[in-house]
Amino acid sequence: MRWPWPFHRPPRLDWLQVEISTHCNAACLYCPRTCYASRWQNRLLAPELFAALRPLLATTRLLYLQGWGEPLTHPAFFDFVDQAKAAGCAVGTTTNGLLLTEECCRRLIASQVDVVALSLAGIDQENDRIRRGTSVRQVLAAIERLDRLKHALTSDTPAIHIAYLLLRSRLDDVEALPALLAGRGIGQVVISTLDLVADHGLLGEAIVPANEVEYAALRQRLDAVIAAGAGLSLPIHAWLARPAAGLGGDSGTSPSGKGDCSENIDKAAVIAVDGSLSPCVYTHLPLAAGAHVWTAGQETPFHPLVFGSVAEQSFAALWHAPPYAAFRRAHRSGRPPLPCRDCVRMRMRSG
């Protein structure tokens, strides 16, 4: 198909993240949904909004069904998967594992979902305290169930990943991850840190090295975990923010002088549950009223970064429109606007 230039031609994206539900059957202590419970909007993505994305799916490598809720709470989850697969798009999702029943696992395999990541924030009962309503035991049982059915049905998909949130109070747990997870059919583990601090009481849990010495010590510790995983045939990747002082005192640029946002601003985007378009999940929260976050230890108002809605215009029109195009140019120039300028995702490095 030939698209008229420029406002109706869908861009080619590495990934598109679509938030299909802001409901959740857990209450993780660090989640904005828990921190802003009285103002949270529980919503499901309307099927007609997803249908509006069909032209884009044909030019997108990976559709990731995830946002600030549990994706499997949406009754049309598998309908969305089927539409994306019909468009030739790979599909992934992240889940807390509570709804990964035998039937659900069979459907994930039959629908040819490419990646299923399960969330953890610890290796024992501390995970269960932090991720209230979930448990390590349930997550490991879900992994075993999905891996067993994959073998029984001779399927390579979905790949099983672990999305591990590393909190400062649980630093010692990370060294036990390789032994806990090896040999369970897990394709990779991705370790990340608490990047959106939604409550003052969580400030101590964020891992943002204050200087290069602290960064080097933490990086060495994470690299040792990566090496241990490699020895057990378990690929592990770990994200860690460089200290702002290590970047010439400018938290919005990399050592190369350009903004290197880990969220792939030029080749990725997020559609929120209400259809609004944002550059990443950290710039949009489904709240009935404003909120505050803590950046560099300081309380600041949360300012959503939204470039229109697919309920009103096509994704292509919004993507090519001057406001969003100017935002991406600012990132490429190494001078991103607020709130990106102070975001730790601008300083993330993966090992």
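Select helix H5 and look at the face turned away from its buried side, where the exposed residues Glu 103 and Ala 110 are carried. Rotating to the opposite face of this predicted model, you will find Cys 104, Cys 105, Leu 108 and Ile 109, which are the buried residues of H5, a helix that covers residues 102–110. Viewed down the axis of H5, these buried residues fall within an arc of 140°, and they therefore line one face of the helix. To see what they pack against, add helix H4 (77–86), strand E5 (115–120) and helix H7 (136–152) to the selection.

Continue along the chain to Gln 112, which follows H5 and is placed in the loop between H5 and E5. Its phi is positive, at about 60°, although Gln 112 is not a glycine. With a relative accessible area of 48%, Gln 112 counts as partly exposed, because that class lies between the 20% limit for buried and the 50% limit for exposed.

Next, move to strand E4 (residues 90–95) and pick out Thr 94. What does the side chain of Thr 94 join in a polar contact? The partner is the side chain of Tyr 64, at 2.8 Å. Thr 94 has a relative accessibility of 10% and so counts as buried. Once its neighbours within four places in sequence are left aside, the residues in contact with Thr 94 are Tyr 64, Leu 65, Gln 66, Pro 71, Ala 117, Ser 119 and Ala 163.

Ala 76 makes a useful stop here, in the loop between strand E3 (60–65) and H4. Ala 76 is buried, its relative accessible area being 11%. If you draw a C-alpha to C-alpha distance from Ala 76 to Ala 291, it should read 30 Å, for a pair set 215 residues apart in sequence.

Now select helix H9, residues 212–231, which offers a simple check of geometry. At 1.5 Å a residue, its 20 residues should span 28 Å, and the end C-alpha atoms are indeed 28 Å apart, so the two values agree. Which residues of H9 are buried? They are Tyr 215, Leu 218, Arg 219, Leu 222, Val 225, Ile 226 and Gly 229. Down the axis of H9 they fall within an arc of 120°, which means that they line one face of the helix. On the other side of H9, Val 213, Gln 220 and Gly 231 are exposed. To display what covers the buried residues, add elements including strand E7 (159–166), helix H8 (177–181), strand E8 (186–193), strand E9 (236–241) and strand E14 (348–350).

Both ends of H9 repay a closer view. At its start, a side-chain oxygen of Asn 211 reaches to within 3.1 Å of the backbone nitrogen of Val 213. After the helix comes Ser 233, with a positive phi near 55°.

With H9 still displayed, colour residues 8–235, where an unreviewed UniProt entry places the feature "domain: Radical SAM core". The end C-alpha atoms of this span lie 40 Å apart, and the span is 35% helix and 19% strand.

Two cis peptide bonds come next. Thr 157 and Pro 158 are joined by one with omega of about 0°, and Pro 158 sits in the loop between H7 and E7. Leu 338 and Pro 339 are likewise joined by a cis peptide bond, with omega of about 5°, and Pro 339 is in the loop between helix H11 (322–332) and E14.

Select Ser 276 in the loop between strand E10 (268–271) and strand E11 (277–278). Ser 276 counts as buried, at 5% relative accessibility, and a polar contact of 2.7 Å joins its side chain to that of Asp 274. Not counting residues up to four places away in sequence, Ser 276 touches Val 270, Ile 271, His 284, Val 306, Gly 308 and Ser 309. From there, step back to Asn 264, in the loop between E9 and E10, where phi takes a positive value near 60° in a residue other than glycine.

Finally, colour the model by confidence. The protein averages a pLDDT of 92, and 94% of the residues score at least 70. Residues 246–258 deserve caution, as a stretch where pLDDT stays under 50 and for which the model has 28 contacts beyond four places in sequence.

Methods: Residues are numbered from 1 along each chain as its sequence is written. This is a predicted model: local features need pLDDT of at least 70, side-chain atom pairs count only at pLDDT 80 or more; totals for chains, interfaces and linings use all residues. Side-chain values use heavy atoms; hydrogens and water are left out. pLDDT is the predictor's confidence in each residue, from 0 to 100. Contact means heavy atoms within 4.5 Å. UniProt positions are given in the numbering used here, feature names are shortened, and annotations may be inferred rather than shown by experiment. Helices (H or I, at least four residues) and strands (E, at least two) are DSSP runs, numbered from the N terminus. The expected span of a helix is 1.5 Å times one less than its number of residues. Buried means under 20% relative accessible area, exposed over 50%, partly exposed in between (1.4 Å probe, protein chains only). The arc is that of the directions from the helix axis to the C-beta atoms. A polar contact is a pair of N or O atoms within 3.5 Å; within protein, one must be able to donate a hydrogen and the other to accept it, and residues adjacent in sequence count only if both atoms are side-chain atoms.
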